[in-house]
Amino acid sequence: MTNTPPAAADGARPPQGLPAPDNESSTGGAGGNPIPAEGRVPPTHPHAHPPTGLDAHLIVDLKTFHLDVTLKAAPGDVVALLGPNGAGKTTALRTLAGLTPLTAGHLHLDGTPLHRTPPESRPVGVVFQDYLLFPHLTALDNVAFGPRCHGATKKEARAQATTWLTRMGLAIHTTTKPRHLSGGQAQRVALARALATNPRLLLLDEPLAALDARTRLDIRTQLRHHLAEFEAVAVLVTHDPLDAMVLADRLVVIEDGRVVQEGTPRDIARHPRTDYIAQLVGLNLYKGQADGHTVTLDAGPEIATAETLSGEAFVAFPPSAVTLHRTRPTGTSARNLWHCEVAGLETHGDQIRADLTGELPLAADLTTVAAAELDLHPGASVWATVKATQTHAYPA
Amino acid sequence: MSDAAAETLESGPRRRRVRKGVRRGVPLPLLLPALLGLAFLLLPLVALLVRAPWSTLPDQLTSTEVWQALRLSLLCATAATAASLVIGVPLAWLLARTDFPGRGFVRALVTLPLVLPPVVGGVALLLALGRNGIVGQWLDSWFGITLPFTTTGVIVAETFVAMPFLVISVEGTLRAADPRYEEAATTLGASRFTAFRRVTLPLIAPGIAAGAVLAWARALGEFGATITFAGNFPGRTQTMPLAVYLALQNNPEAAIALSLVLLAVSITVLAALRERWVSPA
């Protein structure tokens with residue numbers, strides 16, 4: 001996961017407040033994004049304040065759960081809330097939409113306080129995890145629902161909806177009922193429906209979770225285009241680091257209702273600060289006291305590092321940097337040597353991932369051949385070496 | 001009727017298969033009581049058909065009293081169903097979608113008329129809405145409205161008895177429907193009422209229709225509460241069940257004829273239901 005995509009779509013984003021260039025519409029598919037014919041869609045949003053984006057401090061106190069999350073985003077930003085199940089991502093999203101009330105804190109959108117505004121009066125669009133397309137309405141009427149509620153006549157609303165569906169490459173599906181749409185089509189209708197109200201804040205709850213792997217790939221790409229075009233703030237919730245890194249330009253990692261780390265995908269992938277993130281990005285992560293080229297872990301063992309640091313520090317290295325030996329190696333140039341025991345083995349792509357316990361719990365990747373030659377099995381005693389140059393240390 | 005034809009074609013082989021299954025699998029201790037139960041349900045209806053005065057039937061049925069009673073029955077049952085829809089659907093929504101203290105108790109109260117003997121319901125209605133009833137006296141003195149022993153009284157009595165069927169049916173459908181559709185509607189700018197009207201209502205329409213039919217059928221057959229609260233005046237409050245009961249005492253043949261009419265109405269409703277809701281679309 002070290003090969004992080006560049007901060008999503010920065011290059012593709014049109015200057016703020018301007019519609020996307022029209023010259024990619026030749027395919028007519030969802031990849032290109034023609035300007036809607038009526039020019040109704042993008043900004044021209046009458047606002048008392050210049051759009052300043054999202055400024056929220058979300059506090060929710062439930063009996064068993066406490067959420068305390070600060071979120072800030074400028075117009076055009078795509079922020080991903082990333083976290084394990086039950087971390088409070090969806091709760092945070094619901095408070096932004098007004099579906100769950102805030103216990104305390106505040107929510108300002110483009111300078112307007114919204115925390116006491118009911119959901120129907122918030123300029124917020126939501127794409128729900130399973131889309132929640134109204135089953136009794138056609139795709140067109142699903143998208144026209146929002147404009148209708150905002151006072152458009154039936155004809156106007158349908159015209160806008162047609163524009164949006166065309167933009168999503170769904171022009172031929174306007175009269176289709178949701179149950180006859182494929183997962184990917186339903187996802188795009190849901191996105192069109194959320195965008196059709198011209199929201200200043202777009203919320204997406206696990207936008208790709210309901211799709212099969214093949215569709216997911218296509219839709220992820222398309223969604224990235226649409227998000228890049230969206231001129232206001234977009235917040236998406238996901239537990240999939242790949243979705244987060246492809247779609248968002250900033251990640252906010254939430255664990256147990258609190259923000260544990262935020263930054264660009266690249267930054268988070270390189271400098272994980274919790275076990276959860278380290279696991280997500282596939283790194284061994286340790287915390288200890290640095291002194292020069294050595295980090296002494298709280299549990300005892302020392303790790304030699306390339307960087308020179310002092311004070312609290314993290315050390316991370318990928319499982320592929322670990323070399324295993326059945327006997328204590330002699331004459332190795334690796335400065336880190338630990339005696340471990342194999343706790344478990346599993347295939348990981350075309351590699352074998354060994355879970356080790358002992359002096360230092362760590363994950364090691366090795367080829368199938370190497371695993372066979374070493375005769376690895378749970379309980380086997382091994383020596384693990386890691387070169388200092390393959391570790392990465394950074395201040396905690 | 002092409003649908004019906006297609007259905008017959010389809011169900012032909014299915015039925016045969018079922019019959020084969022019966023011979024092979026159903027244990028006798030279950031089969032015999034089951035057949036007895038079926039016979040028990042059908043026998044009275046067969047008797048009604050067997051003993052029907054077929055030769056004099058046209059005369060019996062063309063009498064003005066029969067038509068009066070039938071017209072009144074249909075009118076009152078339909079009006080009672082309409083009233084149940086107007087106040088029963090919101091009540092069901094309240095019970096299914098909101099949380100207030102004592103909701104379980106209120107829910108039990110709503111279902112009470114289901115198990116209450118209708119005559120008791122009639123007496124209770126008299127005490128509430130009768131000319132000296134706790135509300136009825138004010139209706140009388142302020143608005144000059146008298147409910148007992150009027151056609152409106154019939155509708156009130158039938159609504160009281162039939163509405164719980166609708167409320168229970170609609171509430172069940174509402175509980176099964178995903179409330180997040182309403183949330184999705186509010187995020188699109190719909191007020192809670194708009195969300196109910198444009199999203200929830202269409203989603204639960206089949207449940208409402210089924211509940212309405214149940215309520216209508218119950219209202220059509222209502223006897224106890226009607227005769228207690230509205231009396232038995234031909235042309236004004238004498239519905240079919242009352243007419244049947246009265247006829248049985250002095251003209252049994254007429255009673256059978258009237259019963260046949262009610263049976264025909266019931267079967268028609270059932271057939272219509274089958275076409276529309278029971279058979280898979």
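**Figure 1. Contacts along chain A of the predicted model.** In chain A of this predicted model, 65% of the contacts between residues at least 6 apart in sequence join residues that are at least 24 apart. The chain is built from nine helices and 18 strands. Chain A has 396 residues, of which 42% count as buried.

**Figure 2. The domains of chain A.** The domain assignment divides out domain 1, residues 40-267, and domain 2, residues 323-388, in chain A. Between the C-alpha centres of domain 1 and domain 2 of chain A the distance is 44 Å. An unreviewed UniProt entry lists residues 51-281 of chain A under "domain: ABC transporter". Within this span of chain A, residues 51-281, helix accounts for 36% and strand for 24%. The C-alpha atoms at the two ends of the span lie 34 Å apart.

**Figure 3. The open sheet of three strands in chain A.** The strands of this sheet follow the order 11-12-18, and their pairing is antiparallel. Strand 11 (284-297) and strand 18 (392-395) of chain A are the edge strands, each of them pairing on one side only. From one strand to the next, the twist averages 40°. Strand 12 of chain A, residues 302-317, is joined to strand 18 of chain A by four bridges in the antiparallel sense. Which residue of strand 18 of chain A stands opposite Val315(A)? The residue is Ala393(A).

**Figure 4. The open sheet of five strands in chain A.** Here the order of the strands is 13-17-14-15-16, again with antiparallel pairing. The edges are formed by strand 13 (322-325) and strand 16 (362-367) of chain A, and each pairs on one side only. The twist from one strand to the next averages 45° in this sheet. Strand 15 of chain A, residues 351-358, pairs with strand 16 of chain A over six bridges, in the antiparallel sense. Opposite Ile352(A) stands Leu366(A), which belongs to strand 16 of chain A.

**Figure 5. The contact between chain A and chain B.** How many residues does each chain give to the contact? Chain A gives 17 residues and chain B gives 14 residues. On the side of chain B that touches chain A, the elements giving two or more residues are helix 9 (180-187) and helix 10 (192-220) of chain B. Helix 9 of chain B supplies the largest share of that side, namely six residues. By type, the residues on this side of chain B comprise seven nonpolar, five polar and two charged.

**Figure 6. A closer view of helix 9 of chain B.** This view returns to the helix that gives six residues to the side of chain B touching chain A. The buried residues of helix 9 of chain B are Glu183(B), Ala184(B), Ala185(B), Thr186(B) and Thr187(B). What covers the buried residues of helix 9 of chain B? The cover includes helix 1 (89-97) and strand 6 (124-127) of chain A, together with helix 10 of chain B. Elements of both chains are thus part of this cover. Just after helix 9 of chain B comes Gly189(B), which takes a positive phi of about 105°.

How values were computed
Residues numbered from 1 in each chain as written. Chains lettered and ligands numbered in written order. Predicted model: local features only at pLDDT ≥ 70, side-chain atom pairs only at ≥ 80, totals over all residues. Contact = placed C-beta atoms within 7 Å. Nonpolar A, V, L, I, M, F, W, Y, C, P; charged D, E, K, R; others polar. Pairing = 2+ DSSP bridges. Axes fitted to C-alpha atoms, helices over the stretch in contact; angles between N-to-C directions. Domains from an automatic or database assignment. Buried ≥ 20, exposed ≤ 12 C-beta atoms within 10 Å, placed from the backbone. UniProt positions renumbered as here; feature names shortened; annotations may be inferred.
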